[in-house]
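Reader: Please take a close look at one chain of this model, and then at what lies beyond that chain. A connected account would be preferred to a list.

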Amino acid sequence: MMRVVAAEWRKLRRPTLFLGTIGAALFFTGLTTVFLYLMIDSEQGNSDRGRQVGREVLQLASGSVYGFASVGGLLGIIALCVFAAQTAQEYTYGTLRNLLVRQPGRVKLLFGKLIAMKIFAVILILVAAIVSVGISVALSDRAKVATDLWFTSDGYIEIGKTLLNVSISVIYFGIIGMVLGLLLRSPISAISIGVLWILIIENLLGAVKPVFLEWMPGSQLTTISQGGSPDISYSHALILGTSYVFIGALIAAVLFSRRDVAN
Amino acid sequence: MTSLAISVKDLSKKYDSGYAVSHANFEVPLGTICGFVGPNGAGKTTTIRMLLGLITPTGGTGEVLQQSITEPEKYLSQVGAMIEGPAFYPALTGEENLRVLATLGGFPLERVSQLIETVGLAGRGGSKYKTYSLGMKQRLGIAAALLPEPKILILDEPTNGLDPEGIQEVRDLLKKLASQGTTVFVSSHLLSELEIISEYIVMLRKGEVVFSGTMNELLHRQQPFIAVKTENPEDLQKIIDIAHAAGHDASIRSEVAYIEADRDWAGILNKQAFEAGILLTQLSPQLPNLEETFFEMTGGQS
């Protein structure tokens, strides 16, 4: 298994992929966190979909990671794209046959790839968290947000909880990407269908009937990263999100282990 | 200890559209070079994929190094393969691509630079795969197949895209590997190349094995012939008449008479031609080559 992880890591660490993905994560994290503080008094809102997040919220023990938690869904979409591309490209490049000749244990190969991509995702999350907390600290004075509670024991617990929730969410998004990559065997199809569903179709369905969002996979995973939302409880999101991911992964793993490799 | 590298019995792969491979039976002895030939769509690649555990057979059995092909993890660490041309990650360098596979297979990374040199890619190993020519990609594919120091090397069209010098190098490499005890199972459209290097041949047509055995056995199964040239081309018809009178089929192509007869009859023909006042400039008993035999047996194209 460790050999599979190490081999996959050789592919993931190439500068264009590694630095490009980290760069995209930093861009979205930085932008979201900067808007949160610099537009704190804006009437158009300072958070997603024009929501207003005031000083009373940012001054809580969880305030240091509020920006980071808000960007969890976007980090998840980045992970979905990376996991989907890394999985589906093995079919389009024809490299899967080489991998299976060197590692015929298909489930082992799949889990090894997943572990390597999880490590990649965790690095992405940690870098994004550090940058988001750093920007929050740097802009708190200017936005007149008190940080007294941020680095207390409660504050550290909040940081830990948020890191855990965002990690679960991002890795779940990644697994969905991997499942799509395995099922569709084309990076473009896997990424476009995944992103289209999460960013457009779920939002359209939610606009037509908000109750739909309580059952949509993307909404559950975004809610996990935020530790719950006014509309969806954390436990509901965690149970439903985990179920979606587990069922999807199971179907993909069974298909992958039995399907002929004919390209 | 068995002397067989590969053995298949009634091996089949059936799709909705019909059999890709139908009840194939053949054996490949250890330490030989075995050519695997057949027209496009004959089932060569499907057979190779079944041997490598990439495709599940729908019938029959197969063994590689005495292990069932249903348990490829038991033998693949001793098998090197290049299937349907080279396939690598375009954004990685040639060396990095090999390192991915070496890491995955648990092979020493030092082998990567050695193999890059062995296949003639020294100086280009650090270039991205996407910048490689077809010949260079092919060489990298062969290097990847050699990573495990294989007991069996399975190569699908290894000389595709190589220039004559490259083909010669691959031929020499395969001969060298075979002399060191490696079994080489190689499919190629270049039948003349296979004829030079192969001791064994497995021939497929429409998913069925039409021949498996030694190259000698194959070529001796075909009707030998005698090629005859005369000083005066007009005398060729007289040669044909002599052949027909003796009960042999004969025809003239490109000012050469081809007579279907054993080499022993060449002496008789020579005597009769002399008595008829015909001066022969060529009288050569021959066996059909692999290409002629292939066309005869498959009725198709290589």
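Author: Two residues are in contact if their C-beta atoms, placed from the backbone, lie within 7 Å. On that basis, 77% of the contacts in chain A with a separation of 6 or more join residues 24 or more positions apart. The model is a predicted one.

The part examined here is chain A. Its secondary structure consists of 11 helices and zero strands, so the order of elements from the N terminus is α-α-α-α-α-α-α-α-α-α-α. Along the principal axes, the C-alpha atoms of chain A occupy a box of roughly 60 × 40 × 30 Å. The radius of gyration of chain A is 19 Å, which agrees with the value near 18 Å for a compact globule of 263 residues. Of these 263 residues, 44% count as buried, where buried means that 20 or more other C-beta atoms lie within 10 Å of the residue's own.

Chain A also touches chain B. The contact draws 23 residues from chain A and 24 residues from chain B. On the chain B side, helix α2(B), residues 94–105, supplies the largest share, with seven residues. By class, that side of chain B has 16 nonpolar, five polar and three charged residues.

Chain B offers one further helix to describe. Helix α5(B) covers residues 164–179, 16 residues in number. From its first C-alpha to its last, α5(B) reaches 22 Å, close to the 22 Å expected at 1.5 Å a residue. After α5(B) comes G181(B), with a positive phi near 105°.

Notes. Residues numbered from 1 in each chain as written. Chains lettered and ligands numbered in written order. Predicted model: local features only at pLDDT ≥ 70, side-chain atom pairs only at ≥ 80, totals over all residues. Helix = DSSP H or I, 4+ residues; strand = E, 2+ residues; numbered from the N terminus. Expected span 1.5 Å × (residues − 1). Nonpolar A, V, L, I, M, F, W, Y, C, P; charged D, E, K, R; others polar. Rg over C-alpha atoms; globule rule 2.2 N^0.38 Å. Buried ≥ 20, exposed ≤ 12 C-beta atoms within 10 Å, placed from the backbone.
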